[in-house]
Amino acid sequence: MKLSKAYEPQSIEANIYKRWERSGFFNPDKLPGKRMKPFAISMPPPNVTGELHLGHATGMTLEDIMIRHKRMQGYKTLWLPGTDHAGISTQIMVERLIASEGVNRHALGRDKFLKRVWQWKKQYGTHITQQIRQIGASCDWSREHFTMDPKLTAAVQHAFVTMYNDGLIYRGKRIINWCPRCLSAISDLEVKHEPRKHKLYFLRYKLAGGAAPITVATTRPETMLGDTAVAVNPKDERYKSFVGKKVTVPIVEREVPVIADRGVEQEFGTGAVKVTPAHDALDYEIGLRNELPIISVIDEHAHMTKEAGIFVGKSTVEARRLILEELQEGGHIEKIEDYEHNVATCDRCHTEIEPLISLQWFVKTAPLAKKAIAAVKTGKIHIVPARFEKVYFHWMNNIRDWCISRQLWWGHQIPIWYNGDKVKASVAKPAGKGWKQDPDTLDTWFSSGLWTFATLGWPKKTKGLTLYHPTSVMETGWDILFFWVARMIMMSMYFMKEVPFKTVYLHGLVLDKDGKKMSKSKGTGIDPIPMTQKYGTDAIRLSLVLGTAAGQDVRLYEEKISSYRNFINKLWNIARFTLTQPKETGVKPKTLADAWILSRLQTVTKETTGYLESFRFSEAGALLYDFLWHELADWYIEITKVAPNAGVLRHVLLESIKLLHPFTPFVTEELWSHLTAAKGTKDMLMVTSWPETQQGFVNAKAESDFSIIREFIVAVRNARSNAKVPPHVFSDVCAWGKHQKLLQEHQAIIERLTRIKLTCGESDAKPTGVARGMAFALAVTEETGKRQESERAQLTEYIKRLEHQLANEQFVKNAPQQVVEGQRSKLKETRNRLDQLK
Ligand SMILES: [Zn+2]
């Protein structure tokens with residue numbers, strides 16, 4: 001069957017994906033052949049109602065490359081997909097939807113609201129899984145999971161109850177990030193730091209005993225009502241004499257101590273700060289270290305509490321205004337400065353975070369972290385790139401207890417039951433009357449922390465769990481190393497008594513052409529799905545993987561994607577040419593070029609496999625790109641037009657297509673079906689065996705000889721182009737020096753590829769060119785001579801003009817420096833060119 005002139009991904013990709021899916025080979029149980037060794041990856045679950053962004057596309061491509069490679073190598077390969085319920089972001093989306101109908105979730109009530117969220121999930125939840133298909137992911141859809149599936153919900157509840165009974169989960173009052181709009185505790189991950197313009201207020205606090213006051217700097221004067229100390233750095237000489245004395249907090253007239261604490265930055269403001277343990281995470285730490293009382297003056301709606309005295313019920317904004325007025329009247333304000341700084345905001349709604357002391361559920365992380373640290377220290381888990389191990393250890397050594405309760409409705413409701421002052425942890429409602437379940441839900445990361453084993457059937461001891469856990473690789477962005485990867489390690493070490501995965505591969509961020517964060521408003525944002533439609537999925541896969549390494553950011557822009565589309569077209573054209581050749585199946589090298597390309601194929605096979613096994617995906621892809629384009633197409637195919645060997649050409653192309661399949665699965669599968677006429681499911685490329693090196697074809701002599709011929713040809717081509725020989729003209733070349741025998745043996749090919757008539761022998765002529773000890777002279781025909789003559793005349797004229805201009809002092813003095821420099825370098829280039837023609 002003839003191939004269409006150009007590769008049209010739009011008409012081919014969807015069909016190929018359907019063929020793969022129908023084959024059943026995404027499912028490890030249905031793979032052909034006896035497969036004993038498992039290879040498993042758990043797909044990091046994207047948000048169920050989200051869009052596939054470039055981060056996902058990068059991760060999925062890398063995971064698919066690993067999976068396809070291992071599948072072809074004969075492993076029992078499982079890539080388990082799924083989606084995350086994404087508590088807060090999904091809830092906000094539905095809140096916005098019902099707001100447009102004029103209701104809010106409180107008016108609707110919990111049950112009705114949750115019904116709406118499930119409806120929403122049903123309507124949009126397949127959108128992202130369709131997009132995952134579009135990117136070519138060969139994951140096992142028959143094992144797809146959703147974090148709120150009944151089975152996973154049961155696993156989450158079981159995990160909570162077990163940890164509670166083991167004393168690892170407790171309820172306590174701690175400072176947390178609070179979003180006054182979402183009315184929920186927010187994890188550190190959901191906090192985004194944004195630059196905002198505020199004021200810095202310098203307030204005078206009276207020192208007991210009538211001495212000069214101490215001045216503190218703050219951006220949030222309204223919190224002063226909850227101050228329980230003033231703190232300075234112990235090393236700060238300026239305040240040594242103040243430590244231990246008492247100051248009076250204005251307005252509330254409370255006496256508080258001046259303390260020394262290492263947490264205070266000497267450079268900030270005056271070096272003295274007010275301490276409000278209830279409303280600032282750092283102050284909270286200082287408070288704990290110094291046993292300060294905690295006074296909450298702001299509530300969960302960002303209104304002042306009873307502790308704020310006359311300001312009770314006022315919003316923080318209103319309270320700030322009134323408090324500043326009073327401070328001003330009392331002469332407590334020294335000065336006010338403009339101050340731009342990074343402020344913690346809610347990632348979902350951009351409201352400024354209100355740090356609050358709140359009654360929440362926590363996981364005691366210290367004992368879990370200990371085992372998680374050991375897992376990496378002892379090499380049971382490798383992190384690629386290794387430099388992230390240091391980051392991991394630093395974070396795990398400084399980990400705080402993990403706040404797992406959220407005041408949201410969408411999520412796993414905490415399996416804790418209250419009855420009067422009785423508290424019970426239980427999956428089911430305890431027997432008897434009056435039990436009420438805790439209204440809060442669990443942090444999304446609590447359920448995704450169980451992802452690797454809960455998706456394989458845990459807490460049941462399933463076959464899947466025995467076979468595929470620990471999984472082989474966890475591939476994800478380095479930005480969630482702590483939030484997710486570390487939590488999975490802690491949870492698996494605790495529940496499974498084993499690591500969740502053996503290797504963690506971290507990819508970087510996708511940036512724009514200049515290495516900056518992509519921005520939709522600047523027009524540098526790229527959506528992967530429209531790009532797959534415009535350039536084909538294979539092109540975007542290549543542009544996400546090539547030119548980067550583990551942990552490194554990758555730059556992406558449309559020209560890059562289109563250049564990889566050109567490569568796909570090149571591959572297509574190589575196959576089209578191959579299909580015009582006779583159908584020979586034997587692989588018998590006859591010429592030097594045959595021996596060379598077969599030997600190169602062995603090296604490329606070995607190196608590609610090695611790169612893939614050591615997670616060097618970019619190097620593997622780049623190697624195949626160069627081999628196919630710059631060796632097979634540029635050289636071997638050109639030579640086969642003179643000395644055809646259809647058997648060798650076909651073999652090299654088919655093997656290359658196998659090696660390339662993990663990177664560009666669509667075009668390779670399509671070409672495979674044409675080149676092999678394989679119509680049966682079991683003959684599909686995705687399950688064909690991975691190529692192995694054939695020692696018999698390794699031929700160092702052929703590689704070395706061929707490189708000599710190649711360099712000679714390149715030198716002659718350059719000489720012809722320098723001498724302005726028109727392409728259709730044959731020129732006479734005599735060569736002397738080294739390798740004469742080799743040149744004579746391959747005279748026909750050299751002559752065809754360079755359009756020359758070659759004679760070899762001794763000569764003392766002035767050489768036109770040299771390469772590897774070979775010299776040659778190019779004879780000039782009458783036609784070429786005329787062309788050269790006319791170019792010489794043009795160049796001489798141009799040189800005269802330039803010289804004249806540069807001799808003009810006015811021009812040199814008055815023209816912009818770069819214009820003068822430009823003319824000078826033009827003069828130099830033109831003189832060089834003229835020399836070449838003499
Ligand atoms: Zn919020």
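This section describes the metal site, the nonpolar cores, a helix pair and several individual residues of a predicted model.

The zinc ion is held by four cysteine sulfur atoms, namely the SG atoms of Cys 179, Cys 182, Cys 346 and Cys 349, at distances of 2.2 to 2.4 Å. The angles among the four donor atoms run from 103 to 118°, and the site is tetrahedral. For comparison, the ideal angle for four tetrahedral donors is 109.5 degrees. Along the chain, the donors of the zinc ion are spaced as C-x2-C-x163-C-x2-C. Distant parts of the chain are thereby linked: Cys 182 belongs to the loop between strand 5 (169–179) and strand 6 (184–186), while Cys 349 belongs to the loop between strand 13 (333–346) and strand 14 (354–363), and the two residues are 167 residues apart. Both Cys 182 and Cys 349 are buried.

The loop between strand 5 and strand 6 also contains Leu 183. The phi angle of Leu 183 is near 55°, a positive value in a residue that is not glycine. Leu 183 has a relative accessibility of 21% and therefore counts as partly exposed, since the buried class is confined to values under 20%.

Nonpolar packing was examined next. In soluble globular proteins, nonpolar side chains tend to be buried together. In the present model, the largest nonpolar core comprises 126 residues, and those with the most contacts inside this core are Ile 132, Phe 617, Leu 632, Leu 653, Leu 671 and Phe 712. Helix 19 (residues 617–640) supplies the largest share of this core, with 14 residues. A second core, separate from the largest one, has 63 residues, among them Ala 369, Tyr 392, Ile 399 and Leu 465. The surroundings of Leu 653 can be listed in detail: when residues up to four places away in sequence are not counted, Leu 653 touches Leu 571, Ile 574, Ala 575, Thr 578, Leu 628, Leu 632 and Leu 675.

Helix 19 is also the place of Ser 618. This serine has a relative accessibility of 13% and so counts as buried, because the buried class covers values under 20%. Beyond residues up to four places away in sequence, Ser 618 touches Val 545, Leu 546, Gly 547 and Thr 548.

Two packed helices are described by the angle between their axes and the distance between the axes. For helix 18 (residues 592–613) and helix 22 (residues 700–722), the angle is about 115° and the axes are 9 Å apart. The crossing of helix 18 and helix 22 is left-handed. On the side of helix 18, the contact is made by Leu 592, Ala 593, Ala 595, Trp 596, Ser 599, Arg 600 and Thr 603. Helix 22 contributes Ala 702, Glu 703, Asp 705, Phe 706, Ile 709 and Arg 710 to this contact.

Cis peptide bonds and a further positive phi angle were also identified. The peptide bond between Trp 458 and Pro 459 is cis, with omega about 10°. Pro 459 is located in the loop between helix 12 (451–454) and helix 13 (463–468). A cis bond also joins His 469 to Pro 470, where omega is near -5°. Pro 470 is found in the loop between helix 13 and strand 22 (471–477). Lys 497 is not a glycine, yet its phi is positive, at about 60°. This lysine lies in the loop between helix 14 (481–495) and strand 23 (501–507). Lys 497 counts as exposed, with a relative accessibility of 65%.

The last two residues considered are Arg 238 and Glu 782. Arg 238 is placed in the loop between strand 9 (229–232) and strand 10 (246–249). Its relative accessible area is 48%, and Arg 238 is therefore partly exposed, because the exposed class requires a value over 50%. Apart from residues up to four places away in sequence, Arg 238 touches Gln 266, Thr 270 and Gly 271. Arg 238 and Gln 266 are 28 residues apart along the chain, and their C-alpha atoms are separated by 9.8 Å. Glu 782, in turn, belongs to helix 25 (residues 782–807). With a relative accessible area of 63%, Glu 782 is exposed. Glu 782 and Lys 422 are 360 residues apart in sequence, and the distance between them in space is 108 Å, C-alpha to C-alpha.

Note on methods
Residues are numbered from 1 along each chain as its sequence is written. This is a predicted model: local features need pLDDT of at least 70, side-chain atom pairs count only at pLDDT 80 or more; totals for chains, interfaces and linings use all residues. Side-chain values use heavy atoms; hydrogens and water are left out. Donors are N, O and S atoms within 2.8 Å of the metal (3.2 Å for Na, K and Ca); water is not among the atoms, so sites may look incomplete. Four donors count as tetrahedral if all angles lie between 85 and 135 degrees; four count as square planar and six as octahedral if opposite donors are over 155 degrees apart and all others between 65 and 115; anything else is irregular. Helices (H or I, at least four residues) and strands (E, at least two) are DSSP runs, numbered from the N terminus. Buried means under 20% relative accessible area, exposed over 50%, partly exposed in between (1.4 Å probe, protein chains only). A nonpolar core is a set of buried Ala, Val, Leu, Ile, Met, Phe, Trp, Tyr and Cys residues joined through side-chain atoms within 4.5 Å. Contact means heavy atoms within 4.5 Å. Axes are lines fitted to C-alpha atoms, for helices over the stretch in contact, and angles run from 0 to 180 degrees between N-to-C directions. A crossing is left-handed if the near helix is turned anticlockwise from the far one by less than a right angle, and right-handed if clockwise.
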